[in-house]
Amino acid sequence: MAKLQGFEFWRKTLKEARFVVAPMVDQSELAWRLLSRRHGAQLCYTPMLHAQVFVRDANYRRENLYNEVCAEDRPLITQFCANDPEVFLQAALLAQDYCDAIDLNLGCPQMIAKRGHYGVFLQDEWELLKRMVSLAHEKLSVPVTCKIRVFEEIEKTVRYAQMLEEAGCQLLTVHGRTKDQKGAMTGIASWEHIKAVRKAVSIPVFANGNIQHLSDVERCIQETGVQGVMSAEGNLHNPALFEGRSPPVWEMAEEYLEVVKQHPPCSLSFIRAHLFKLWHQTLQIHQDLREELAKVKTLEGLAHISSQLKRRCQEEISDGKEGEGREGGLPFPHWICQPYVRPPPKPAVTNGSCQESEVKSTVRQKRALEDSDRPAEGLSKNKQKKRSRNPNKNFSPELKPKYLKCEQCGNPKGNKCVFNLCRGCCKKKAFKEVADCPSHGLRFKTKAEKLRAEEDKQEEQVQTEGSMMEAGKRSCTNGKEQTTA
């Protein structure tokens, strides 16, 4: 059977899907996909999978794709991050029988993607992307798709999309934000960029960005002309978004936990993260249960915390406190599923007035490295936790101790290593030379000497026993001679 392409693929395989759940690392797992499908989602993506790990690790394949095969979970697109055409192809070949298409992630803007050189950090390497997409298009039995972010210039974004289409991409998801629009600087996605791409290519296009309600979905389709709309954060806070409903949080939480029980196994960290998203507004009020939710170690424990939150919310409702539940400008009471709006970055203030140029610089620049004397408010939440455990913790790179390098591999060497090596290299050398290194806790020489001492002792015992036996034999012989005489 010939491989379906472009609009034919969208119509027949994807069944003209308009409501799409985005690929989300550790969040769009099977249980969440099934919950979303129950409430209007027509197409789902797997979490982003690392192509190189997928190729080399059979357990990774089973845990992230093979064990999640479910008839209800179709159509399904598997997404990979990769930066090597052959590795991407190998991973896709291993996955193609378990999904309806393979997606290449060209949109992840996180630091881990920068270090691994994948996601949006490949968007300037057009020749490499051409090879990756064209090779996959040529060799796979399912279509290859791409998810991208836009450039600041609409014209360059259009050329980028056309290049991917020419290489063999059969469906394009366009996130209307640039590489730098993330975290506190996320801002508004540009539907103008998405509209320009839709007009310029002849393959289906999905839009991603600014989706908080079903009305946003309809408006996006009308304004941009795209075939479908993808939701990530909106879906995490309200899985019923595509139904146009805003149900009580406990309704979605209880249904999700029930799906988890029906389709094990599911990582506890995934479940905890989903409950934190669903109960986000309520947990701002009930901080004690927030701490409990972070600590609990079992599925039953998570379900119990969720039921406690439900009980407290229902008590507020019965006490007539629905108006109080809208504090902080929320459109609904805190116990209703609703979109999360990121707070804007705090503007720089000089002499009591906000300086526009400084505000722009805070948007465009990376967060500065923290000084050791900087107040805790300037640290990330993770670093504040570390500081609370160790008040003397130092985060300034200038004041961190400088490690001497191992003479063989370049890793930090042991400060008191007798060979001036790291532990790995020291272990090899000490084993080869039968030597000790007290700083690394290696006792090869001591153990060898102890073993030799034990062997010598055993040998002496054998010799002593042999001497005693000889003496016994001689005494017996002398006794017999005297008797005979």
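I count Ala, Val, Leu, Ile, Met, Phe, Trp, Tyr, Cys and Pro as nonpolar, Asp, Glu, Lys and Arg as charged, and the others, Gly among them, as polar. The model is predicted, so I keep local features at pLDDT of at least 70 and side-chain atom pairs at pLDDT 80 or more, while totals for chains, interfaces and linings use all residues. Residues are numbered from 1 along each chain, and side-chain values use heavy atoms, without hydrogens and water.

**Cavities.** I looked for cavities on a 1 Å grid over the protein atoms alone: sets of points where a 1.4 Å probe fits but cannot get out, with lining residues having an atom within 4 Å of a point. Points are joined across faces, edges and corners, and volume is the space filled by probe spheres set on them. I get two cavities of 30 Å³ or more.

The largest has a volume of about 60 Å³. Its lining includes Arg33, Glu68, Asp73, Arg74 and Tyr98. I sort that lining into five nonpolar, one polar and four charged residues.

The second largest cavity has about 50 Å³. Among its lining residues are His237, Lys277, His280, His334 and Tyr340. Helices H13 (268–278) and H14 (280–285) each give two or more residues to this lining. I use DSSP runs for helices (H or I, at least four residues), numbered from the N terminus. This lining splits into five nonpolar, five polar and one charged.

Methods: On a 1 Å grid over the protein atoms alone, a cavity is a set of points where a 1.4 Å probe fits but cannot get out, and a pocket is an open set with protein on both sides within 12 Å along at least five of seven lines; lining residues have an atom within 4 Å of a point.
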